[in-house]
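Here's a quick briefing to read with the viewer open. Have a look at the fold, then dip into whichever topic you need.

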Amino acid sequence: MRYLMILYVAASIAVAGCAPGDASESEQEMSASGFSPYVDEQGNISRPDNFRENWVHLGTWFVKEDNHASGPGVHDVYATPESVEGFKKSGQWPDATVLIKTVSGIEEKQLPTGNTQWAGDIGVWFVMVRDRENRFPDNEAWGEGWGWALFKADAPNKNVTTTWHGEGLNNCFGCHVPVKNTEWVYIDGYPTVRDFARYPEPDGASE
C-alpha cells in the first residue's frame, strides 16, 4: 500500500485533542464551549466519528503519486447535514460548519474494467470548523474564520496542528491560500454544493 505524504506527516509538536465525538449522537448537542460538539472551551478540536455513515459526502480529490505531489492519495471530504443545508440557503458556510477530509492510500489492481484504483486505509484526517465570531483569539489553531486540525493514523485522537499559519510543514492554512475568495475552501471540488455557492469573482478575473 502506498500512502501519504511529505506535507502532512511532518508536524513534530503534538497538541492533545479531545476524545472523538459520535457524529450520530452529538450533532444536535453543544460542547462545553456552547459552540460545537467537536470544540471545547479552549478551542481544542476533536475528530468526529461515524461521518461516513451520517454526514454528506461533498466530493473526492485524486492526487497522483509522483515527484510533485506533497499529499498523494484519495481525498474524500464530508460535512454535517446542517452545514450543507445552510450552505445551500446562503451560498456560504454557516457558523459552526464542520468539514472533515480523509486522505487514504491508493490501492491498485487490474480488474475486468481495466487498471483500477481505489481508496485504501486512511492515513490522516483534516478537520475545519467555521468560526464567524473569532471565539478563540488566543488559540493558535484558529485563524481566518476557521479552526484547523490534523489527526494522523498512528494517533487518531491527537490533533497535531499547533498553528494555523506560519512557516514550515505544520501549517494547514498554507494549502488553502489559493482559495481565499471562497472562504479558504476548494469549493470547485464539491459537486454536492458548488452550484449553490455565492462568492465574488477572484481579483483580476475576467467577465
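What follows goes from the overall picture to the cores and a few single residues.

This is a predicted model, and the protein chain has a mean pLDDT of 79, with 74% of its residues at 70 or more. Its secondary structure comes to three helices and eight strands. In sequence order the pattern reads β-α-α-β-β-α-β-β-β-β-β.

**Overall picture and confidence**

- The protein chain has 207 residues, and 46% of them count as buried.
- About 10800 Å² of the protein chain is exposed, and carbon and sulfur atoms supply 49% of that.
- Take the contacts between residues at least 6 apart in sequence: 60% of them join residues at least 24 apart.
- Confidence varies by element: strand β1 (residues 15–16) has the lowest mean pLDDT, at 32, while α3 has the highest, at 97.
- Residues 1–29 sit below a pLDDT of 50, yet the model still gives this stretch 93 contacts beyond near neighbours in sequence.

**Helix α3 and the strands that cover it**

- Helix α3 spans residues 81–90, and its buried residues are S83, V84, G86 and F87.
- These four lie on the same side of α3, because they cover an arc of only 165° around the axis.
- The spacing rule behind this kind of pattern is that an α-helix has 3.6 residues a turn, so residues three or four places apart point the same way.
- What covers the buried residues of α3? The cover includes β2 (56–63), β3 (73–79) and β4 (98–111).
- Right after α3, the chain reaches G91, which takes a positive phi of about 80°.

**Strand pairing around β3**

- β3 is mostly covered, with seven of its seven residues buried.
- β2 and β3 run antiparallel and are joined by seven bridges.
- One place to look for that pairing is T60, whose bridge partner in β3 is D76.
- β3 also pairs with β4, again in the antiparallel sense, over six bridges.
- For that second pairing, find A79: its bridge partner in β4 is L99.

**The nonpolar cores**

- The largest nonpolar core holds 18 residues, and the ones touching the most other members are V39, I45, W55, I100, V127, V129 and W142.
- β4, β5 (114–130) and β7 (146–152) each put at least two residues into this core.
- Which strand gives the most to this core? That's β5, with four residues.
- W142 is worth clicking on: leaving aside residues up to four places away in sequence, its contacts are F35, V39, G43, I45, V129, D131, F136, G147, W148 and W164.
- There's also a second, separate core of 17 residues, which includes L58, M128, W148 and W184.
- As general background, nonpolar side chains in soluble globular proteins tend to be buried together.

**G43, a glycine in a loop**

- G43 belongs to the loop between α1 (23–26) and α2 (51–54).
- Is G43 buried or exposed? With a relative accessibility of 2%, G43 counts as buried.
- Not counting residues up to four places away in sequence, G43 touches F136, N139 and W142.
- G43 and G147 are 104 residues apart in sequence, but their C-alpha atoms are 7.9 Å apart in space.

**Positive phi outside glycine**

- E144 has a phi near 55°, a positive value in a residue other than glycine.
- E144 sits in the loop between β6 (142–143) and β7.
- E144 is partly exposed, because its relative accessible area is 40%.
- W184 isn't a glycine either, and its phi is positive at about 65°.
- W184 lies in the segment after β8 (155–159).
- At 10% relative accessibility, W184 counts as buried, and this tryptophan is among the members of the second core.

**I122 in β5**

- I122 is placed in strand β5.
- I122 counts as buried because its relative accessibility is 17%, and the cut-off for buried is under 20%.
- I122 and I106 are 16 residues apart along the chain, and 9.8 Å separates their C-alpha atoms.

Definitions and conventions:
Residues are numbered from 1 along each chain as its sequence is written. Side-chain values use heavy atoms; hydrogens and water are left out. Buried means under 20% relative accessible area, exposed over 50%, partly exposed in between (1.4 Å probe, protein chains only). The arc is that of the directions from the helix axis to the C-beta atoms. Contact means heavy atoms within 4.5 Å. Accessible areas come from the Shrake-Rupley method with a 1.4 Å probe; for residues, only the protein chains shown count as cover. Two strands pair if DSSP finds at least two bridges between them. pLDDT is the predictor's confidence in each residue, from 0 to 100. A nonpolar core is a set of buried Ala, Val, Leu, Ile, Met, Phe, Trp, Tyr and Cys residues joined through side-chain atoms within 4.5 Å.
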